Amino acid sequence: QVTYFTSLSRQQEFEGNTKSVIPLFSVTYFLTITFAVISCLRLSCIRNNIWLASCGVLSSGLAVLSSFGLMLFCGVPFVVTVANAPFLILGVGVDDMFIMIASWEQSSRKKEKSSVKSLLAETYAEAALSVTITTLTDVLAFFIGTWTAFPSVRSFCLYTGTAFVFCYVYTMTFFGAVLVLNHKREQENRHWLTCMRVGVGEDQAENSCLYNACCIGSCSRQPSQPEGEHPMSIFFKKYYGPFITNKWIKLLVVLLYGAYLGGSVYGCTQIREGIDLRNLANDDSYVIPYYDDDEKYFSTYGPRVMVVITESVDYWNETVRLGIESCAQNLENISYVDKNLSESWLRVYTELAKRGLININSKTDFFNNLPVLFKFRPSFEWDINKTQDAIEASRFFIQTVNVTSAVDEKNLLNQLREAAEQCSIPLKVYHPAFIYYDQYLVIVQNTVQNVAVAAGAMLVVSLLLIPNPLCCLWVTFAIASVIVGVAGFMTFWNVNLDSISMINLVICIGFSVDFSAHISYAFVASGESSANKRAIEALSLLGYPVLQGAVSTILGVVVLAAANTYIFRTFFKIMFLVILFGALHGLVFIPVFLTFF
């Protein structure tokens, strides 16, 4: 059995991940369109909103196209993680669409006979605020994410942030126009698919029941009544609202929240940092068995580190040689290095000279005798970069041992670099895996910094847009609570803290705002007398759109659970936690807490 690996393997396998996710796109679009269509179905053939739903999904698709086109045109690098973006935007764009439709139907129920202009004005007055807040917070979360030290995270945030901007523009322009066209079709009693006028009144007595069922949507002869409230809104108003505001249920919710918080804080203390290198490849990649075998049989050996003397020095000068030797010994004295396994061309060359076989103390001798060394050890020819009259650079190798955990890798890197710094001769230590070890050095502070800045920005936005300071406090509380929850529970779900999950934690801030902002704003804006009634009204108004939004976003990313790559699966896990906890806060915790205060 042979397992193999080349120095390019990591990179190539990592980049091959994107292709594996492309077939999942079509499934996602299919799922999202189906969900949107089902939730916009009505029994009457005139009031069926199938076109509305399809156009809403289409506008998200257009946003992906526009933003990717613009970013690629500007030359922003397309990284593997960016392949996650369309799944996200689809879910969020559909959210905005649901809020717009809900608000439009409410306006047209309130004002039966008013003009299209005033209807649309009313819809925008209500929905546009909500949609603007959520878009602003999401976009801010992403553009704050571009300040990070990781270029891949920066790319991802740029692509997604731009897509959100386009998504907002298309919802406000394209989708508004679609709403109006759809309304005109309804006013003229045209069929949803054929746009033929559906007969109402005298001429339909002769037609069979079958004809009526197909073209009017009911067997009965009278014209269809204007649409009532959506059954889900009634469910929130009549059953769920009163249930959640019952005082014993409230107590239960508080206890539940305590358990949630306890679990999350415990999870946060258990968090693991560092990326397992096999996670960068596809599950069926040839590097995985190689890593497994390496771990099984050669786990005592760490990476073989290359030490480069980066400038041209006078190797024929004995003091220079001694300087190099003492530097090499410093490096070998690190606890992670096995000094018996080092390999240095200079040591062998000096050894040959000591035996009196050759003389290397003058420049010409040093150069003329190099072929003797190469005859002795041909591979050393690759370790010296020489021109006619100088050695530009040369290298030797040291072998590390017992590097098992991320903490070891972090310490090894720091100790090697410090030892190289202290040397009088310019040295550089290098191994292809160091780029991944470097993540651990900055990942925690980078994550904390990004999350803190983003949360601060969210607070400012919600203060500007929600004219009630108390409400903002609640939104901020929800953000903090969701972040702690996601960070804690992701540990239980075997997700480490690395640059991939870091992106997702920043996104998580933008999303946690969405759910709680809608509900708390509706609560504050409500005109009801008692706190319980306010909570019930807020839930009946926005409970269903929030639920729809949560389901649509999860549908957008659920396909990624089936991906055969760690990156996409992690993305799914974290998004799932974010949406789950966000919806929990928006529909359970926040309404209950608001009634207390």
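Which residue of β5 does Ile 309 stand opposite? In this predicted model, Ile 309 faces Leu 427 in β5, and the two sections below describe first the strand pairing around that position and then a helix crossing.

## Strand β1 and its partners

Strand β1, which covers residues 301-309, has seven of its nine residues buried, so the strand is largely enclosed by the rest of the structure. With strand β5 (residues 427-430), β1 runs antiparallel and is joined by four bridges, and the pairing of Ile 309 with Leu 427 belongs to this side of the description.

Strand β4, spanning residues 391-401, is likewise antiparallel to β1, and seven bridges join the two; here Met 306 is the residue that stands opposite Phe 397 of β4. In a regular strand, side chains alternate between the two faces of the sheet.

## Crossing of helices α8 and α19

The axes of helix α8 (residues 247-269) and helix α19 (residues 566-596) come within 10 Å of each other and cross at roughly 130°, an angle that makes α8 oblique to α19. The crossing in which α8 passes α19 is left-handed.

On the α8 side, the contact is made by Lys 250, Val 253, Val 254, Leu 256, Tyr 257 and Tyr 260, while α19 contributes Phe 581, His 585, Val 588, Phe 589, Val 592, Phe 593, Thr 595 and Phe 596. Sorted by character, the residues of this contact between α8 and α19 comprise eleven that are nonpolar, two that are polar and one that is charged.

Key: Residues are numbered from 1 along each chain as its sequence is written. This is a predicted model: local features need pLDDT of at least 70, side-chain atom pairs count only at pLDDT 80 or more; totals for chains, interfaces and linings use all residues. Side-chain values use heavy atoms; hydrogens and water are left out. Axes are lines fitted to C-alpha atoms, for helices over the stretch in contact, and angles run from 0 to 180 degrees between N-to-C directions. Angles under 35 degrees count as roughly parallel, over 145 as roughly antiparallel, 65 to 115 as roughly perpendicular and the rest as oblique. A crossing is left-handed if the near helix is turned anticlockwise from the far one by less than a right angle, and right-handed if clockwise. Contact means heavy atoms within 4.5 Å. Ala, Val, Leu, Ile, Met, Phe, Trp, Tyr, Cys and Pro count as nonpolar, Asp, Glu, Lys and Arg as charged, and the others, Gly among them, as polar. Buried means under 20% relative accessible area, exposed over 50%, partly exposed in between (1.4 Å probe, protein chains only). Two strands pair if DSSP finds at least two bridges between them.
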